[in-house]
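Here are my notes on the model you asked me to look over. I have kept them as numbered points, so you can follow along in your viewer.

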Amino acid sequence: LRERDAARADAERRAAEQLRREADAAVAVERAERARSEAQAHADAMSSRIDGLAQAREAAEALAKTKAEEAVIAQRLERNADARAKAATKEAEACRDAFDRDRKLWDGVRRRLHNRVVELQGNIRVFVRVRPALTVGSKVSSDEAVSCPPSRANSSGDEVEVPEDVAFGGPPRKARTFRFAYDRVLGPQTNQLGVFDAVRPFCQSALDGYKVCIFAYGQTGSGKTHTMLGPPVGGNEDDAGILQRSLGLVFDGVAHLEQTQDWKFELSVEMLEIYLDGVYDLLGDSTEKLTVRETLDEDIVVENLTRRKVECAEDADQILRAASRNRHTAATNSNKTSSRSHCLFALRITGTNGIETREGVLNLVDLAGSERLHVSGSGADPQLLREAKFINSSLSTLGTVVGALAKKDRSHVPYRDSRLTFLLRPSLCGDAKCLAIFNLAPERAHLRESLSTLRFGQKVTKCAPSQKCAKCGHQLK
């Protein structure tokens with residue numbers, strides 16, 4: 001029994017050991033299976049990662065290849081762009097050179113055509129400007145005697161009509177109407193800009209290299225100084241005169257030519273007055289009378305006359321306004337600030353582009369007012385009387401000279417009869433351009449002076465008024 005129990009116990013022990021071994025084996029198998037699964041998963045992950053890396057490498061290689069191709073294309077495009085840019089630049093330079101040549105050519109054509117138009121209209125022209133009636137208090141004078149009717153078909157210019165002033169106490173008769181014709185009549189409604197628009201071609205001629213003279217003539221108080229110089233300092237810019245506007249036109253034209261056609265200009269101004277037939281410098285400090293002489297090439301030179309270079313229109317305007325304060329003036333019955341001297345302003349324009357040279361001169365002359373001694377009251381003052389004699393004498397000589405030039409009667413032109421005409425001779429003869437602006441006061445109180453001015457202007461113009469039939473009064477063709 002003991003052996004059997006021992007054998008049974010041994011068998012049970014062996015069975016339990018077998019079961020334990022089988023359990024351990026099962027656990028080991030399970031662990032091995034789990035390890036195998038983890039290894040397989042890790043292997044799959046590594047495989048996927050390897051595939052991803054392979055794809056990334058392929059993408060990197062493709063990207064590098066693309067970048068290389070792009071670099072080659074960029075180099076090719078850059079070479080093409082450089083070539084095209086050089087070709088375009090060369091073509092642009094050729095076009096610009098051709099354009100500059102054409103522009104210079106057409107500028108020369110424009111200058112010739114402009115000069116031809118001015119010559120056809122007349123190198124000597126006569127304008128009439130009728131100033132607006134003066135305002136007394138809040139009312140405008142309605143007693144106007146000067147009228148500007150529309151131009152008629154058979155008239156060679158604009159017309160001005162002035163009624164005859166019939167004296168009281170004489171035999172009764174119908175008052176006549178005097179009719180005059182001029183190249184241009186600027187009525188009271190014409191402002192300063194309208195006046196300059198009519199004068200603009202002459203200023204352009206000065207910029208083109210010609211000698212130009214523009215002068216204002218008329219009785220005292222007719223608006224000559226306002227027409228030429230505009231209002232006093234601080235006045236309305238819209239009332240700027242011919243001087244300020246012509247300076248602006250010239251300097252704008254100079255700037256355009258320097259920027260577009262390689263011109264180089266030098267501009268200078270002079271300003272003098274002729275008082276009692278003596279010449280005085282208005283820009284310098286000296287008050288001594290200057291000497292005027294004629295050179296061998298028949299040019300007129302004023303010794304020791306101050307000439308100042310100017311860079312812009314504003315500088316020139318300030319210089320000239322300061323100089324105009326030195327001018328001789330006096331109070332008369334006609335005007336409390338009557339000019340007692342002739343004022344001559346000269347803008348000298350010298351330019352070159354390496355091929356040709358221009359030397360133009362723009363003379364703007366503000367003449368002293370013509371006057372009747374009994375009207376102005378100058379006869380009662382010895383000094384005013386002396387001034388009036390010189391003024392009227394020089395104005396008469398100027399009319400004779402311009403009239404002879406306008407009618408081409410140049411056998412003898414009395415330039416030397418007056419200091420004024422002697423100084424203006426270079427700007428009156430040859431291919432020079434001359435514009436006379438006759439200023440009128442429209443009031444009936446100034447009728448005789450206006451009629452005298454119109455008759456004086458008729459002597460220097462080639463225009464003729466329309467004619468009427470003496471019997472029926474119809475216009476003659």
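Which residues of α9 are buried? Keep that in mind as you read the first point.

1. Please bear in mind that this is a predicted model. In α9, the buried residues are Leu447, Glu449, Ser450, Leu451, Thr453, Leu454, Phe456 and Gly457. The helix itself covers residues 447-459, 13 in number. From its first C-alpha to its last, α9 reaches 19 Å, close to the 18 Å expected at 1.5 Å a residue.

2. Two residues of that stretch also turn up in ring contacts. Phe456 forms one aromatic cluster together with Tyr217 and Phe438. Arginine 455 lies over the face of phenylalanine 178, and the distance to the ring centre is 5.1 Å. A second charge placed over a ring is lysine 433, which sits over the face of tyrosine 210 at 4.6 Å from the ring centre.

3. Staying with rings, a word on how to read the pairs: a pair of aromatic rings is described by the distance of the centres and the angle of the planes. The count comes to four aromatic pairs. One of them joins tryptophan 263 and phenylalanine 265, with 5.5 Å from centre to centre and 25 degrees between the planes. This pair counts as stacked because its planes are under 30 degrees apart. Both partners are buried, tryptophan 263 as well as phenylalanine 265.

4. Next, have a look at the second largest pocket. Its space amounts to about 410 Å³, and 20 residues line it. Lying nearest the centre of this pocket are Glu270, Ile300, Arg348, Asn363 and Leu423. Two or more lining residues come from each of β8 (264-275), β11 (300-302), β15 (342-352), β16 (357-366) and α8 (419-424). The element that gives the most is β15, with four residues. By character, the lining splits into 13 nonpolar, two polar and five charged residues. If you plan to inspect the pocket yourself, the general idea is simple: rolling a probe the size of a water molecule over the atoms shows where empty space is left.

5. Helix α4 spans residues 242-260, which makes 19 residues. Its reach from first C-alpha to last is 27 Å, close to the 27 Å expected at 1.5 Å a residue. Just after α4 comes aspartate 262, with a positive phi of about 60 degrees. Aspartate 262 is found in the loop between α4 and β8. Is this aspartate 262 buried or exposed? Aspartate 262 counts as exposed, because its relative accessibility is 54% and the exposed class begins over 50%.

6. A positive phi also occurs at asparagine 304, where the value is about 65 degrees although the residue is not a glycine. Asparagine 304 is found in the loop between β11 and β12 (308-310). With a relative accessible area of 70%, asparagine 304 is exposed.

7. On the other side of α4, aspartate 238 lies in the loop between α3 (224-229) and α4. Aspartate 238 has a relative accessible area of 56%, so it is classed as exposed. Its C-alpha is separated by 7.5 Å from that of leucine 193, and the two residues are 45 apart along the chain.

8. Finally, take a look at valine 160, whose place is in strand β4 (residues 158-163). Why is valine 160 classed as buried? Its relative accessible area is 0%, and buried means under 20%. Valine 160 and valine 146 are 14 residues apart in sequence, while their C-alpha atoms are 7.1 Å apart in space.

Note on methods
Residues numbered from 1 in each chain as written. Predicted model: local features only at pLDDT ≥ 70, side-chain atom pairs only at ≥ 80, totals over all residues. Heavy atoms only, no water. 1 Å grid on protein atoms, 1.4 Å probe; cavity = no way out; pocket = protein on both sides within 12 Å on 5 of 7 lines; lining within 4 Å. Points joined across faces, edges and corners; volume = space filled by probe spheres on them. Nonpolar A, V, L, I, M, F, W, Y, C, P; charged D, E, K, R; others polar. Phe/Tyr/Trp six-rings, centres within 6.5 Å; stacked < 30°, edge-to-face > 60°. Buried < 20%, exposed > 50% of the residue type's maximum accessible area, 1.4 Å probe, protein only. Lys NZ or Arg CZ within 6 Å of the ring centre and 35° of its normal. Expected span 1.5 Å × (residues − 1).
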